[in-house]
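Let us take a walk through this model together, one stop at a time. Have the sequence and the 3D view ready as we go.

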Amino acid sequence: MFSTFELDALKEIGNIGAGNAATALSVMLSQKVQMKIPEVKVLPFDEVSKSVGGPENPVTGIFLRVEGDLGFNILFIIQAGDTLNLLKIILRESKEVLELTAMEESALKELGNIIASAFIAALSDFTKLALRISVPSLAIDMAGAILSFPLSLYGCMGDTAFLMETEFEEGLDGVKVHFYLIPDDDKSFSTLLKTIGVRSFDGDNSRGDGGI
Amino acid sequence: MGMGEYKTAKAPALLVSLGLGSCVGVALYDSTRKIGGLAHVMLPDSSLSGKKDFNPGKFADTAIDLLVVELEKAGANSKKLIAKIAGGSQMFQVKSDNSIMKIGKRNVEAVKMKLAKMKIDIVAEDVEGNYGRTIEFCCNTGKLTVKTIGHGIKIL
């Protein structure tokens, strides 16, 4: 469905967005933020939760919906210990259990909002596509349950998960923020590729493997 | 069992699905023969599929049909089946015109409609809400155990 060249182009788009997002995060936290080069992955649905500790691992999920010329979902996953460390950095408070006050939830949602908005702003600048982003929504629960929502939405299209993944690693405490960009369907990424002139034809995914 | 899978087993086996969110676990059971089946449904209807060859285990309508066929193959009497269902949460609150965003609720409705059409009684359910569930179906007792983070354990 996508050639190696096209996947590289998608990765580069991801890189531009994530670079901008890392800068925004760095300003918010007043700390150096390291970012992994985004990867475009095709995985069986159940493999996705493995990278965040397995389907039953308690994690914080922050979800944002992107609509407009493209439809996709942005999901941040932060493991329990990392969530607490992150709160220490943002709010200068330390706590042991993952039960958040309204203030703490709000701080984490704002973090998601800043990263996602910076990502979308860079994407929109680069492609001239009109994109709008929803307010963030937060949940603390099993990783499998949190991932099931955006993965199911993509499941209309494919039998495997197709996503872009990157990690933001905060300098001092090694806090990792997993970032997933999951398109509604393969058309979202095709449109993106067409916009930047990498693809000239309409993608028609007739194979049963969810793309690529 | 993973997303979009369905399986059958005989006593004393346990059928387990970890971390259900918007997905619905559909357990079917023939108590006389102690044969059970579990489907991990992701989406309400196969008409949503973007293409013709898709994994039928993902959709409520096709997965339940296939699970019943598998149960019959394993020796269960399809007229004696009862159902227990769990899952279908709305993990995130999203404002959108797109009704697919309420996927948990739609999954539950689709599963109930399909089971009603097949005249399989739902004897117990633990559905919707905004939290994840791990489910274990015991083929010996026919009990469905639902575990959560912060919302306790239920035995259906």
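Helices and strands here are DSSP runs, numbered from the N terminus, with at least four residues for a helix and at least two for a strand. With that in mind, we can find E128(B), which sits in the loop between β6 and β7 (133-138) of chain B. Please remember that this is a predicted model. E128(B) is not a glycine, yet its phi is positive, at about 60°. This residue counts as partly exposed because 16 other C-beta atoms lie within 10 Å.

Chain B has another residue of this kind to visit. K119(B) also has a positive phi, about 55°, without being a glycine, and its place is the loop between α2 (103-117) and β6 (121-127) of chain B. With 9 other C-beta atoms within 10 Å, K119(B) is exposed. Elsewhere in chain B, the loop between β1 (6-10) and β2 (14-20) holds P12(B). The peptide bond that joins A11(B) to P12(B) is cis, with omega about 5°.

Now let us cross to chain A. How many residues of each chain take part where the two chains are in contact? On chain A there are 30, and they meet 32 residues of chain B. The elements of chain A that give two or more residues to this side are α2 (45-48), β3, β6 (137-142) and α5 (143-155). Of these, α5(A) supplies the largest share, 10 residues. Sorted by class, this side of chain A has 14 nonpolar, 10 polar and 6 charged residues.

Strand β3 of chain A, residues 58-68, is also home to I62(A). Is I62(A) buried or exposed? It is buried, because 26 other C-beta atoms lie within 10 Å, and a residue needs 20 or more to count as buried. Leaving aside residues up to four places away in sequence, I62(A) touches F76(A), L108(A), K109(A), G112(A), P136(A) and L138(A).

Our next stop is a pair of helices in chain A. Helix α3 (residues 80-91) and helix α4 (residues 102-127) pack at an angle of about 90°, their axes 11 Å apart, so α3(A) is roughly perpendicular to α4(A). L87(A), I90(A) and L91(A) of α3(A) meet E104(A), A107(A) and L111(A) of α4(A). Of the residues in this contact, 5 are nonpolar, none is polar and 1 is charged.

Finally, a note from a record: an unreviewed UniProt entry places the feature "domain: CheC-like protein" at residues 5-41 and 103-138 of chain A. Residues 5-41 are 68% helix and 16% strand, while residues 103-138 are 69% helix and 14% strand.

Definitions and conventions
Residues are numbered from 1 along each chain as its sequence is written. Chains are lettered from A and ligands numbered from 1 in the order in which they are written. This is a predicted model: local features need pLDDT of at least 70, side-chain atom pairs count only at pLDDT 80 or more; totals for chains, interfaces and linings use all residues. UniProt positions are given in the numbering used here, feature names are shortened, and annotations may be inferred rather than shown by experiment. A residue is buried if 20 or more other C-beta atoms lie within 10 Å of its own, exposed if 12 or fewer, and partly exposed in between; C-beta atoms are placed from the backbone. Two residues are in contact if their C-beta atoms, placed from the backbone, lie within 7 Å. Ala, Val, Leu, Ile, Met, Phe, Trp, Tyr, Cys and Pro count as nonpolar, Asp, Glu, Lys and Arg as charged, and the others, Gly among them, as polar. Axes are lines fitted to C-alpha atoms, for helices over the stretch in contact, and angles run from 0 to 180 degrees between N-to-C directions. Angles under 35 degrees count as roughly parallel, over 145 as roughly antiparallel, 65 to 115 as roughly perpendicular and the rest as oblique.
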